Structure formats: structure tokens, C-alpha cells
Amino acid sequence: MCGQAQDSIAITKGRKASQTERPAKVYMPGKAAMYSALFPGGGQVYNRRYWKLPLVYGGAFGLLSLSGQRHQDYLDFRRSLQSRQNPGLGLPDPYPFLRDETVNANIQSARRDRDFYIILTFMLYALQIVDATVDAHLREFDIDDSLALRIEPYRSNSTDFAGAIPSIGLRLALRLK
């Protein structure tokens, strides 16, 4: 029997012949984190959560576009200030109608916004790594009927110095069997 492929039919005692069941894919959180760190969205693909890819790439594209636009604004305002401070250089002033104080304020604002969007981009990068890792961990989490979270109406008669005050609301009920 050397060199023959193993048969995929398994016969168990008391059962009919059936195809052998393949074990469920085991998702490794470390591998998901590594894929996400090397290639943004790679951990989401590894976890087969393809619907998250547009969120990762859309967020990254949007934040990088915003930071690029604010960087260009920063360069334009800085060029305007340089052309005013050194008129002998012959630089064109892109904003001749603005006062110097306004140009200075816009330089600071554009730089602050650009830096903020860059920080948000790195936070999105870190978030997608954490998301892939947590998702891989929770793939093995068993959710059955013994764990239930329900939203229920709630009615209370609380008392204070004025007497009974009826109140209504919603309550989250966690049930563990």
C-alpha cells in the first residue's frame, strides 16, 4: 500500500460511511497581527473578514488625502509669508489679499491639522492590527444559548423627598445559564 493516497471515507462504529469532517480552520492571533503589520488589511484577509478591507483602505486613503491637502496648504501659506518677508527673491504671493497675521495663523492651523491627520493615520494602522488580533482570538469563542443579552423595558417607582416618582426606560439583561 506504499504510495497510495489515503481514502477520504471513514467508517465509524454504529454510523454509516461518510466523508471525513475537516477540522475548522484555527486562526492564530500572532499570524493575523503579523500580516496586518506587514500589509495593512492582511490580517483581515487572513481572518476572512473581507468586508473590513474597504474600511481600512478607505480610512487610510481619506486620512492621507487630508494630510496631503493640508501639507500643500501649509506650503502655500509659508510661500506667501516668505514672499512678503523677502520681496527681492521674486517669489509670487499666492495670497496677496490676506494680512500677515492671517497668513501666520493659517500656517499654524495647516501645520497642526496636517500633523493631526498623520497621527490619525498611524492610529488607524494600529487599530487595524489590534482588530485583526482580537478577531482571530474571538473566532474560537463559543456563543450558544446559555449566553444571552436582551434589551427589556423597565419600570420603576423610585421614592425621594417628594414621594413616589414613576419612571420608565430600557434595561440590558445579561443572562448566563
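A salt bridge, as counted on this tour, is a side-chain nitrogen of Lys or Arg within 4 Å of a carboxyl oxygen of Asp or Glu. By that criterion the structure holds twelve salt bridges. The model is a predicted one.

**The whole chain**

Begin with the protein chain in cartoon representation. Four helices and four strands make up its secondary structure. Read from the N terminus, the order of elements is β-β-α-α-α-α-β-β. The chain has 177 residues, of which 22% are buried. If a surface is displayed, the exposed area is about 13600 Å², and carbon and sulfur atoms supply 61% of it. Of the contacts between residues at least 6 apart in sequence, 45% join residues at least 24 apart.

**Helix α3**

Select residues 53–85, which form α3. How many Å should the 33 residues of α3 span at 1.5 Å a residue? The expected span is 48 Å, and the end C-alpha atoms are 48 Å apart, which agrees.

Next, show the side chains of the buried residues of α3: V56, L63, S67, R70, D73, Y74, D76, F77, S80, L81 and S83. The elements covering these buried residues include α2 and α4.

Within this set, zoom in on R70 and D73. Their side chains meet in a salt bridge, with an N to O distance of 2.9 Å. The two residues are three apart in helix α3, so about one helical turn separates them. In general, an α-helix has 3.6 residues a turn, so residues three or four places apart point the same way. D73 has a relative accessibility of 14% and therefore counts as buried, the cut-off being under 20%.

**From the α2–α3 loop to helix α4**

Now select K52 and D131. These residues form a salt bridge in which the closest N and O atoms are 3.0 Å apart. The pair links distant parts of the chain: K52 belongs to the loop between α2 (42–46) and α3, whereas D131 belongs to helix α4, 79 residues away. Is each partner buried or partly exposed? K52 counts as buried, at 12% relative accessibility, while D131 is partly exposed, at 25%.

Add R49 and D135 to the selection. Together with K52 and D131, these residues are linked in a network of salt bridges.

In the loop between α2 and α3, select R48 as well. Its phi is near 60°, a positive value in a residue other than glycine. Most residues other than glycine have a negative phi. R48 is partly exposed, with a relative accessible area of 48%.

**Along helix α4**

Return to the cartoon and follow α4, residues 100–138. Select R114 and D115, whose side chains meet in a salt bridge at 3.1 Å, N to O. R114 is buried, with a relative accessible area of 16%. D115, by contrast, is partly exposed, with a relative accessible area of 31%.

**Past the end of α4**

Move on to R139, in the loop between α4 and β3 (147–160). Which residues does R139 touch, not counting those up to four places away in sequence? They are Y27, N47 and R49; R49 also belongs to the salt-bridge network visited above.

Display the side chain of R139 in sticks. One polar contact, at 2.8 Å, is made with the side chain of Y27. The R139 side chain also reaches the backbone oxygen of N47, at 3.2 Å. For a view of the backbone here, select M28: its C-alpha atom is separated from that of R139 by 9.5 Å, although the two residues are 111 apart along the chain. R139 itself is partly exposed, with a relative accessible area of 28%.

**Last stop: S36**

Finally, select S36 in helix α1, residues 29–38. S36 is buried, with a relative accessible area of 0%. Leaving aside residues up to four places away in sequence, what does S36 touch? Its contacts are G42, G43, Q44, Y125, Q128, I129 and A132. Showing these residues together with S36 completes the tour.

Definitions and conventions. Residues numbered from 1 in each chain as written. Predicted model: local features only at pLDDT ≥ 70, side-chain atom pairs only at ≥ 80, totals over all residues. Heavy atoms only, no water. Buried < 20%, exposed > 50% of the residue type's maximum accessible area, 1.4 Å probe, protein only. Contact = heavy atoms within 4.5 Å. Areas by Shrake-Rupley, 256 points an atom, 1.4 Å probe, with all protein chains shown as cover. Polar contact = N/O pair within 3.5 Å; in protein donor to acceptor, adjacent residues only side chain to side chain. Expected span 1.5 Å × (residues − 1).
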